[in-house]
Each structure stands twice: as structure tokens, then as C-alpha cells.
Amino acid sequence: MELLLQTLVSGFLKGGLYALIGIGMTLIMGVMGIINLAHGQLMMVSMYITYSLFALFGVDPYVSLAVSVPAIFILGVAIQKFFLNPLMKIDTILPENQVLMTVGIGMALTEIMRFIFTSDYKSIQTSYSKTTLLMGNISFSLPLLIDFFIAVILTGALFYFLKHTDTGRSIRATAQDRDAAILMGVNAERITSITFGLGAGLVAAAGTMLMPVFYLFPDIGGPFTRKAFVICILGGLGSSVGAIFGGITLGLVEAFGATYIGMEFADMIGLIIFFLVLLVLPGGLKRITGM
Amino acid sequence: MSKFRKSLIVLACFASITLALTPAHSASTVKVGIVLPITGKHAKFGEIEKLSFEMAADEINKNGGINGHLMELIIEDTTGKPDVGRSAAEKLITHDRVVILGGGYSSSVTAAIAGVAINNGFPFLVNTGSADIITQPTAHTPSGKRINRLLKELAGANDPAKIVKLKEKIVVLQKRADREVEMILPRYAIFRLNPPVSEFADGLKSFLSEVVKPETAVILHENSLFGTRGAAAFAKSAKQIGTKVLFTESYDSGAIDFKPLMAKVKSANPDLVYMVSYILDASLLMNQSMELQLNPKLFAGAAAGFTLPEFRKTAGVASEKVVSATLWHQSLPFPGSREYFDKFRAMYGRDTEYHGAEAYAAAFVIADALRRAKSHSPSDIKKALKQTDMMTVFGPVKFISYGRKIHQNKLDTYVVQWIDGKLEIIWPPKLAKKKYVFPINWIKERQ
């Protein structure tokens with residue numbers, strides 16, 4: 001019983017972070033219609049910002065959210081504006097040009113960070129990094145618990161933004177039908193830039209919040225890009241609600257797989273679910289929730 | 001016909017010119033190819049080895065080089081992936097025209113590079129890759145590879161009829177493998193400086209049986225060649241010292257969350273937790289054990305991740321009093337080992353450990369063999385390496401054959417413990433600089 005509960009807790013907490021990573025990607029996917037394969041790398045850059053602030057000025061990782069998220073937001077907007085939008089205008093046989101571009105951007109970011117910080121493993125040791133709250137015999141890692149709550153708040157704020165603000169509505173309109181949105185007077189180019197920035201900002205938050213418990217090196221982006229992709233497919237591409245479910249499902253599946261089947265198979269189980277969803281429930285959880 | 005002849009003559013001229021030019025061109029330097037993971041998740045190990053190789057090459061060149069020629073290191077990045085390692089080795093052999101290969105980090109990559117070296121009949125001095133099969137020529141034959149697969153199947157088989165059948169198959173294959181080895185041997189020039197992973201825990205074994213006396217153990221290992229072989233070898237050692245292995249679990253070395261795994265270990269409540277890990281996973285395993293208050297009598301690591309200075313940096317107090325097998329420590333009584341450690345620290349402003357010492361020693365072994373070799377053809381270098389008998393910072397080096405292994409250096413292994421933030425050698429007692437801490441009060445240590 002204790003083992004079961006501990007597994008549930010670990011999976012759920014990790015799932016919260018996964019959801020945040022997934023929402024960022026799915027948002028970009030919805031509006032742009034492409035997969036951002038530099039997603040994990042943007043997260044990695046945000047982690048380096050957090051690390052630098054901590055190492056140079058002793059800024060607490062949670063405080064540095066105020067710097068890393070806007071910084072990556074701006075980086076995201078710039079990437080969209082100067083690297084991806086120009087590609088949209090060019091007619092080629094390959095509409096996937098932009099996807100290829102994101103791969104390139106991901107590689108460039110990795111190598112730039114390696115150039116600045118070398119391949120060393122960096123980590124932040126805060127006073128609360130290893131603090132755990134015990135409830136009976138079940139341990140809750142304090143940083144992951146805080147992360148979970150911040151993730152919930154950020155997600156809530158995002159939904160409010162998408163539903164009740166002008167820009168938010170324009171984003172949804174562009175995602176639903178780009179051409180129609182343009183005809184209605186939406187500046188689609190500006191909206192895509194903002195969306196890319198938002199998606200990047202969300203994953204930046206996830207990266208920063210992961211810093212107190214995880215480690216950092218330039219190649220860390222790739223695995224997270226992969227995870228984000230799986231989460232998006234689970235939730236249904238382009239669905240924000242789906243991404244939350246997708247993230248939590250992946251977290252839980254990995255945890256239960258690790259406990260009851262074998263840690264070695266944790267990744268495999270996630271990918272099998274990915275496969276099954278594509279086969280049995282194409283469109284993912286979006287089909288059920290409709291959002 | 002005359003046209004054909006003419007072109008032949010022209011070709012011959014070109015050939016002789018290039019042939020004549022090649023040695024003249026490389027006369028001033030002797031090229032040595034080093035394959036290491038400079039980027040990727042094993043970059044930390046690659047870096048410490050690269051710096052040590054460069055430091056050694058510098059010293060060698062200052063002291064006359066290779067009979068008056070400079071030793072030039074050409075370092076290729078494997079990124080920690082076997083396929084990249086394979087093409088890096090091929091590039092070094094065919095394009096850069098190096099005379100010998102060195103380096104080789106992580107078992108999977110080293111095994112892949114060894115395959116390339118054997119195909120080309122090329123000498124390769126391994127200094128870190130530690131899976132046993134690397135210096136077992138039979139393992140590089142087609143039948144040998146099948147035997148390895150069957151052995152794995154045998155380990156998991158329960159049905160007695162199946163076990164008998166598998167064993168029969170292996171006997172037949174073994175004979176075939178022995179014949180195939182005859183074909184490989186002339187081209188086989190793989191040498192290994194470091195002990196194989198099956199011997200990593202030899203030093204630890206006596207420490208466990210004489211001091212810790214664990215009744216139960218859990219083995220956790222990363223799921224590539226290194227971890228799998230290390231875990232299997234330790235399971236055997238555990239049997240010999242009468243420790244019951246409750247379960248063995250493997251994981252992917254890039255994993256983020258070990259909590260479910262550690263929770264499972266906690267509910268099994270073993271005396272000993274033995275881990276075969278690289279660096280990131282080693283720190284996370286210890287951090288998360290601490291978070292879950294998993295307190296066995298002893299945490300023991302199988303070298304690799306557990307001895308790097310980064311382990312202390314990233315795991316913090318969670319690394320305190322963790323014991324690890326190791327292949328080297330700066331306080332061992334080998335000539336120059338303390339000097340190497342101090343010089344490394346002075347030059348690069350950080351600590352080195354056994355991986356660096358392996359690389360440093362390997363450079364000197366390569367230089368020594370190249371000096372003695374009649375020519376720098378693969379077969380002459382192989383002959384010279386075979387006759388190697390020298391002392392290095394890493395210990396005595398002499399390549400012998402035992403068991404199924406050929407060209408393997410036999411060395412002792414030691415036990416270290418993280419005591420007050422420093423890696424101290426604690427076993428065997430005659431070499432220990434500090435007394436081991438056992439039993440361990442985890443609550444006190446982790447404050």
C-alpha cells in the first residue's frame with residue numbers, strides 16, 4: 001500500500017511538470033501546425049539562465065522565474081519572427097521547412113551553451129533541494145510540490161488568458177482557421193510570434209523549476225523534446241487540456257512502470273502508450289474532452 | 001595497348017610519389033588516434049581523460065618524444081554513441097593514418113571500436129572500457145556473439161528442459177567459436193590497461209566479507225553493457241560471500257526520477273545497496289535515497305560515477321560515507337601518482353581521479369611501445385605492446401592472457417569512501433590512509 005501511494009505521489013508530481021512542458025509545445029503546435037523540435041533545448045537555455053543567476057548572484061531558482069520566463073519568451077518571439085516566419089512565405093515542395101529549422105535551432109542552442117558553459121554537469125544546491133515532507137511514510141519532495149502548485153497556477157492563468165483576453169481569442173482563432181482569422185483582421189504573424197513566445201515561456205518555467213532537483217548539461221534538451229512530443233500526442237495535438245492529462249498520464253505511467261515492471265522499461269512503457277494512443281485513439285484525449 | 005601501358009606508368013609514378021611523400025610528410029610526428037566522448041552525457045569522463053592524455057603527451061614530447069619524433073594526438077569525439085565511435089575510429093585509421101588507437105570510454109562504445117580495430121588488424125589500447133568481452137577474442141566472432149545472447153537467455157531460464165537444451169547449444173557453438181577465433185587472432189591487437197568490470201568488486205568483496213557482512217543486498221545498474229556486466233559479476237561475488245541478492249533492477253542512465261525504484265528498495269529493506277552507475281544517475285540515486293530516508297547498512301558503488309569529484313558536487317551530503325570500488329587513488333604507492341594528481345590540479349584547477357590516471361598511464365604505454373617497435377606497422381606495434389613491462393602511475397602494466405582474455409593487464413582494485421567530503425582509500429588495510437567508517441549513522445552524517 002505504502003509503495004503504491006509513494007508511486008502515485010512521485011508520478012503525479014512529475015506529471016505536473018510534464019504537463020507544463022507539454023502545454024508549451026501543444027500551444028505552438030496548435031497555431032503553427034508544426035512540431036517545435038527545439039522545445040527541450042529552449043528549456044535547457046532557461047535552466048542555464050537560472051543556473052547563472054544562482055551561481056553569480058545567488059538568486060533563488062524560484063525568484064529567477066521572473067527573469068528566465070520573460071527572457072525565453074523574448075527568445076521565442078525572436079525565433080519565430082526572424083527564423084520561422086520568413087520560411088512561411090517561401091513556397092517550397094517541403095512545407096516542413098520550419099520543422100527542419102527548429103531542429104537546427106535546437107542544435108545551435110545546444111552548441112552555444114556548450115561553448116559558454118562546457119559540458120560540465122551543473123546543479124543548484126539550495127537549502128530546500130533535499131527537503132521532504134513526510135505524510136505517514138510517504139515522502140513528498142518539497143521543490144516538486146512547489147513546482148506542482150506553480151504549474152497549476154500557470155496553467156490556470158494561461159486558460160484565463162486564452163479564454164478571456166483579446167490576444168488569447170486571436171490565438172485560438174488562428175489555431176482554428178488561420179485564413180479565416182486573417183480575414184477577420186487578426187494579425188496572424190504577430191499572433192504566431194506571441195504564441196511561440198508563450199510556449200517557450202511555459203517550458204522555460206518548467207526548466208527553471210526543475211533546477212533545484214535536477215542537473216544540467218547542454219545535451220539535456222533532446223530527451224525533453226521527445227517527452228513533450230509524447231505528451232502532445234497523448235493529449236491530442238493542439239489541445240491544451242489534453243496536454244495536462246497527457247503530462248500527468250505520462251508521469252503516472254512512468255512511475256508505475258518503474259515500480260511494478262522495471263525502471264528499465266519506464267521509457268518503453270511511455271512509448272508503448274504513445275503507440276497505442278495513435279492506433280486506438282488517434283487524436284488522443286482531445287477526442288474525449290473535445291478541447 | 002601502348003595507351004594502357006602509358007597510363008599504367010603514369011599511375012605507377014603517381015603511386016610512388018604519394019608513397020614517397022607520405023612517410024616524408026609524417027616524419028616529424030607520430031600520429032596517435034584517441035577516441036573519447038568529448039560531448040554527450042559521458043563528456044565529463046571524456047574531458048578528464050582528454051586533459052590527462054594531453055598532459056602526458058606534453059611530457060613525452062618534452063622528453064624526446066618517440067625517438068626524436070613528436071607524438072601527435074588526434075582526438076575524435078564519440079559523443080558516447082557506439083555508431084559514432086565506430087565511424088570515428090574508421091576515420092582515424094583510413095583518413096588520418098594514425099599508427100595506433102587509444103582511449104575508448106564506456107563499454108558499449110569501446111566494444112564497437114574494438115570491432116573496427118579487429119577488422120583492420122589495427123592495434124587498440126583500451127584504457128577505460130571495461131566489459132569483459134572487449135579483451136575476449138571469442139566474443140568478437142559471430143558464434144561468440146550468439147553465445148552471449150544464449151547466456152543471457154540461460155540466466156533468465158527456469159524450465160530445466162530448456163536449460164539443458166541451451167547448454168547443449170552453447171557447447172556446440174563454443175567449438176565453432178574456437179575455430180572462428182583462429183581466423184581472428186592474427187588481426188587481433190586489442191590490449192587493455194584497466195581491469196575488466198568483473199574484477200571491479202574484487203577489492204570490495206573482501207571489505208564486505210570481513211567488515212560489513214551483509215545478509216541481503218539489492219543490485220541497481222544502468223542498462224548498457226557496463227552496468228549489465230558489472231551487476232552480473234557482483235551477483236556472483238555476493239553468492240561467494242553468502243549475501244542473498246533480493247532483486248536486481250536496471251534503469252536507463254538518463255532517467256530523472258528514481259523515487260519509485262528507491263521506494264521499492266526501501267520496502268525490500270536490504271543490508272547493502274550496490275550500484276553500477278555513471279555520474280548523473282549516481283548522484284540522483286543517492287539524493288533520492290536520502291529524500292526517501294532509505295538507510296541500508298551500506299551504499300556501495302562500482303567505481304565510474306561514484307569516484308568523480310562531480311559526484312560530491314552534485315550529490316552534496318548525500319554522497320557522505322558512500323563506499324565505492326576504485327581502480328586507483330592518488331595515495332597508492334606507484335611512482336609518480338601523487339605528482340600526477342598534484343600537477344593535474346595545478347594545471348587545470350580541479351581534481352582528477354582514476355579515469356584520468358588511466359588515460360595518463362595509457363599515453364606512456366603507447367609512447368613506450370612506439371619507441372620499441374621496429375616499424376610503425378600494426379604488426380610491429382602489436383609485437384611491441386605484447387612485450388610491454390613497465391611501471392606507470394596507474395600501476396604495473398604487462399599484458400597477459402588468462403581465462404578467455406588475451407592482452408589483459410591484471411591489477412588490484414581498491415575501496416574508497418567519501419569521508420567528510422574527501423575521497424579516501426580505506427581498503428585493503430595496508431594501503432588505507434584513513435580508517436573506514438562503519439557502521440554508519442545516516443541521520444548524523446546527512447545533517
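Helices (H or I, at least four residues) and strands (E, at least two) are DSSP runs, numbered from the N terminus. With that in hand, B:Asn295 is easy to place: it lies in the loop of chain B between α10 (279-291) and β9 (298-302). This is a predicted model, so local features need pLDDT of at least 70 and side-chain atom pairs count only at pLDDT 80 or more, while totals for chains, interfaces and linings use all residues. Residues are numbered from 1 along each chain as its sequence is written, and chains are lettered from A and ligands numbered from 1 in the order in which they are written.

**Around B:Asn295**
- B:Asn295 is partly exposed (between the limits of 20 or more other C-beta atoms within 10 Å for buried and 12 or fewer for exposed, with C-beta atoms placed from the backbone), because 17 other C-beta atoms lie within 10 Å.
- B:Asn441 is 146 residues away from B:Asn295 in sequence, yet their C-alpha atoms are 9.0 Å apart.

**Where chain B meets chain A**
- The contact (C-beta atoms, placed from the backbone, within 7 Å) takes 32 residues from chain B and 28 residues from chain A.
- On the chain B side, the elements giving two or more residues are α2 (43-62), β7 (244-251), α9 (259-268), α10 and α11 (309-315).

**Domains of chain B**
- Chain B is divided into domain 1 (28-139 + 184-195 + 335-409), domain 2 (142-180) and domain 3 (198-326 + 413-445), with bounds from an automatic or database domain assignment.
- In chain B, 15 residues of domain 1 are in contact with 18 residues of domain 3.
- Helix α4 (residues 107-119) of chain B gives the most to the domain 1 side of that contact, with three residues.

Terms used: Two residues are in contact if their C-beta atoms, placed from the backbone, lie within 7 Å.
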